[in-house]
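Q: Please take a close look at one part of this structure, the open sheet in the second chain. I would like a connected account that also sets out the chain around it.

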Amino acid sequence: MHDMPQAIKEHAPAQTFIRKYVFSVDHKVIGKQYFGLALVAVFIGMALSWLMRLHLAWPNLHIPGLQWLSSSGAPNGVITPEYYLSLMTMHGTLMIFFVLTNAPFAGFGNYFLPIQIGAEDMAFPRFNMMSFWVTLVAFCVLMSAFFVGDGPPLAGWTSYAPLSAVGGSAGPGEGTGQTLWAISIAIFCIGQLLGSLNFISTTLDLRTRGMTLMRMPLSTWAWFITSCIGLLAFAVLLPACLLLVLDRIAGTSFFVPSNLVISDQVQTHSGGSPLLWQHLFWFFGHPEVYIAIVPAMGIVSHILVNSMRRPLLSHRVVIYSLISIGFLSYMVWGHHMFVSGMSPFSALMFSFPTLIITIPSTIITLIWIGSLYGSKLRITAASLFALGFISLFVSGGVSGFFLAQPSIDIYLHATYFVVGHFHLVMGVASIFGIFAGTYFWFPKMFGRTMNEGLGKLHFWLTFVGAYCIFMPFHYLGLAGNVRRYSAFVEDYLQPLLPVHKFISIAALITGAAQLIFLYNLVYSRFRGKPATENPWEATSLEWSIPSPPPFDNFGGKHPVVYHDPYQYGIASSTGDYVMQNSPEQIQTVRDDKSLT
Amino acid sequence: MAKLFAVTLVIIALGSAAPILMHKWTPPQDISAHGPTIDDQMSHTMVEAGISFLAAQIILAVFIWKFSGRREGARISSFPGGAMGLVIAAFLLVGTEVLALGVMGARAWAAVYFTPPAPNALLVQAQAGQFAFYFRYPGPDGKLGPLHPEMISEATQNLFGLDVDHDADSKDDIVTAELGVPVNREIHLLMHAKDVGHSFYVPELRIQQDFLPGLDLSLHFTATKLGRHEIVCTQLCGLGHYNMKAYLNVMSAEDFEGWLKQQATQQ
C-alpha cells in the first residue's frame, strides 16, 4: 500500500502552461476542470428551466432575444410548445449527466479522493486526463444539438424508443439533434467508465500506510461505492446508446418493432423491442440516481461530523448502509416501468426491493439526526447546506413510499408528483451536497475563504426557494397534473395555472439567488481572505497539507495514518480533535459501544 | 441562526403538510370500480409518509435548536440507545411499515392486473398515433377485423388500416374519435400503438397504461358514474404530445346503444 508504483513516482510537476492548466494529469486540476464544466452546465440548465417555467406560467410571453437561439422554436421570442419539449430534454440531460454526475463525483472525487487516502495522484493520471477531455467532447456534442437544422432533441432525457430511434420521420427534433444526443451520451459513458476504473484502482491500491478501508473518510467511501455503481451502470448505457445510433443511421431494428406507420408510411424496421431500450436505459437510469446522491451523502457526512464536533454514532453502519444502497440500486430499475406494458408480475418483483432500499437510507438519516443529539453544532454556510440536505433528502424520500407501489403509480406515474419527488431527492439534495462541499473545501482548493455572510444568504434563499418550488409539484401531481406538457390551457389542467405561476416566480427568485453564489465564488477566488491550512479544525488528511496543496500533495513524503477518520470530541493537544496523521496517543472514539 | 433554521424547518414541515391535512389536494372524484382500492392505498401511504415526514423534520429541528452554539466546555453525549437502537428502529418501524404497504399495495395491483376481464365485457380497441386516439367497436358480429398497416391513410380516413372489401369481420366495425362506454359494464380495452409510444391516462378512472409499439396490450375497467372526462397521453410522443387527447364518455346503457348506432351511420 505504501510503496507507490513506479509510474506515480515519475509524476513530475508540469512546466508549461498547457500541461499545467489545460492538458494536465494532476488530479487536482482535473477535479477543478470537472467542477468548472459542471458550473457552466448548471447555469445553462438553470436558464433552460427558467425559460420552461416562464412558458408554463405565461405561454404567450415574449422573451427578447430568444428568437436568435431558435427562430423556429421561439418565433418573435415566444416559446412554442414544441420548443418547450426541447428545452426540457436539454435541461434534463445537462443536469443529470453534466451536473449531478460531474460535480459531486468526478469533480470533488478527483480532487479529494487521492488526498484523503494519502496518495500523490490517481492510479492512472493519463486516463484521468482523458476522462475529462472525453466528457468535455460529450458536452460540446450535446450543445451543438441546439444549432442543428431541425432543432434540438425533444424525446426527454430518457429518449424512449421508438420515438428516438426512427429518425426524422417522427417529426422535427427527431433528426440530427437526437443522433447528437445519443452520440454525446455514448461519449459521456466512456469518460465515466475511465473515471470509475481510476477511482476504484486508486482507492484499492494507493492508500498510504495505516489507511485501512475502515479508516477512510465517508466521502472517500461514497466516491468509491459510486465508482463501483458507475462502472456497471455506464457499461450498460454505452452499448444501449450505440445500438440507438445504429437504429437511427444504419437501419438496424434493436428498439423498433415491425409495422409502425408514421405519416401513412409503413416503416422499414422490423423485429425490435421498445421495452429493451427501457430496460437498458433504466438499468443504468436508476443506479444513476445513486451516482448523483451517494457522493452527496458522503460529502454531507464528512462535513456534518466536523460541524458537530463528534463522530457519527456509527461509522461502520453508515458504510454498510451505503454499500447496501449501491447493491440494491441494481434491483429496482423496473419501478420506472410499472405501466410500460412489461409483465405485471415483474412489477411486484421490482416493488419490494424499492421499498426495502428505504431501510438503509433511513438508517443513514437516523444516524445523522441521532448524532446531532448531544453534539456541539457549529453553524457555517457549509453546515447549513449539509443540514438542509438532510431535510430535503427526507422530504424527497417519503414521496418514494408512494411511487414504489405499482398500484399507486398507476395514478401518479407521469404526473408532477414524480417530478417533485426526483427533483427534491436527487436534484436539489445533491446540489445541496455540492454547495456544502464547495463552501467547505473552497479554502483548500483555492487557498482563500468564501464569504460566510453571502454563503448564508445564499443558503436561506435557496433552501426556502427549493421548498416553494418543489413541494407544490407534489400537490399538482395529486391533482393529476401530467408532466411534459407545455400548455395547460383549455383543458382540465387550467384551474392549476395559479399554482404554476407561483412556482415560476419562486423559481425565478431562487435561480437569481444562485448569482450570489457565483459572485461569491469568483470574488473569493481572487479577493477572498487567505485560508490557513486547517480552517475548520478538521481531522482528515486534506487538512494536513498547505492550502492549496502542492502538485504532489504531500511534498514527496508519504503520510502515515494513526487514527480513525473522525476523532472529534476528545481531549488532545490541538483542542477537541486529533488529525488522522498525528502520532499523538489518544483515547480513540470508537463506534457506539452497542455495536462493538 | 441555528434557532431560526429550526423554526424555519418546523414552519416548512407544517406548511407542507397543511394543504394535505385540509384535503385541498386530492385526486378528482373516482368513477371506476377498482378505484376505491387504489384511493385507500394512497390514503394509508399518505398517513405513514406524513408521519415519517413530520417526525423527521421536527426532530431534526429540535436537535439543531438544542445542540448548536453550546459553550466551549460542554460535554459531548450520545443519543440514548445509540446506533444499534436506530438501526433496530429503522428495521422495525420503517421496514415493517413499507413492507405492509408493499403487501397491501400488491393486493391492489393484483385487483387491477391479475384478474381476467369478465366474459361479457364490451370489447373496444384503442389506437394511439401521433397525435390522436381512435377507438374501434366490433359491431354486431362481436369481432374486430384484422389490421393492415400498409392501408392506413389519413386521406381516405382509413385510420386503422381496415380492408372492408375483403375482411368480413371488418365490415361492421365502428371507428370513433371518442371512447363512449356504458356505465357499470366492464370494458375490455385492447391497446394498439400505431407509431411510437403513447399512454392512456384518465385520472378519474384511476387508469394509466402505456401503448407499447409492437405489442398489443389489454386492460379492463368498469366506469361507475356518468360523465365526460379527458383521456390524455402521458408518454412523450413528439411535437404534438401536449395536444393529444380524447374524451371518455360514460353513458347509460340506452344512451350508449343510441350513440353507437349514430356513430355506425356516420362510417
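**The open sheet of chain B**

A: Buried residues make up 41% of the 267 residues in chain B of this predicted model. The chain holds 4 helices and 10 strands, and along the sequence these elements follow the pattern α-α-α-β-β-β-β-β-β-β-β-β-β-α.

Five of the strands form an open sheet with mixed pairing, in the order β3-β2-β1-β5-β8 (chain B). The edges of this sheet are taken by β3 (174–176) and β8 (217–222) of chain B; each has a single partner strand, so one side of each is left without a neighbour in the sheet. On average, and with direction ignored, neighbouring strands of the sheet are turned by 25° against each other.

In general, strands of a sheet pair through backbone hydrogen bonds, in either a parallel or an antiparallel manner. The antiparallel sense applies to strand β5 (residues 186–193) of chain B and β8(B), which pair over 6 bridges. Here B:Leu189 has B:Leu219 of β8(B) opposite to it.

As for the chain as a whole, its radius of gyration is 26 Å, whereas a compact globule of 267 residues would have one near 18 Å. Along the principal axes, the C-alpha atoms of chain B fill a box of roughly 95 × 40 × 30 Å. Of the contacts in chain B with a separation of 6 or more, 72% join residues 24 or more positions apart.

Chain B also meets a partner: 86 of its residues are in contact with 91 residues of chain A. On the chain A side, helix α12 (residues 358–372) gives the most, with 10 residues. That side divides into 54 nonpolar, 26 polar and 11 charged residues.

Definitions and conventions. Residues are numbered from 1 along each chain as its sequence is written. Chains are lettered from A and ligands numbered from 1 in the order in which they are written. This is a predicted model: local features need pLDDT of at least 70, side-chain atom pairs count only at pLDDT 80 or more; totals for chains, interfaces and linings use all residues. Helices (H or I, at least four residues) and strands (E, at least two) are DSSP runs, numbered from the N terminus. The radius of gyration is taken over C-alpha atoms; the globule rule is 2.2 Å times the number of residues to the power 0.38. A residue is buried if 20 or more other C-beta atoms lie within 10 Å of its own, exposed if 12 or fewer, and partly exposed in between; C-beta atoms are placed from the backbone. Two residues are in contact if their C-beta atoms, placed from the backbone, lie within 7 Å. Ala, Val, Leu, Ile, Met, Phe, Trp, Tyr, Cys and Pro count as nonpolar, Asp, Glu, Lys and Arg as charged, and the others, Gly among them, as polar. Two strands pair if DSSP finds at least two bridges between them. Axes are lines fitted to C-alpha atoms, for helices over the stretch in contact, and angles run from 0 to 180 degrees between N-to-C directions.
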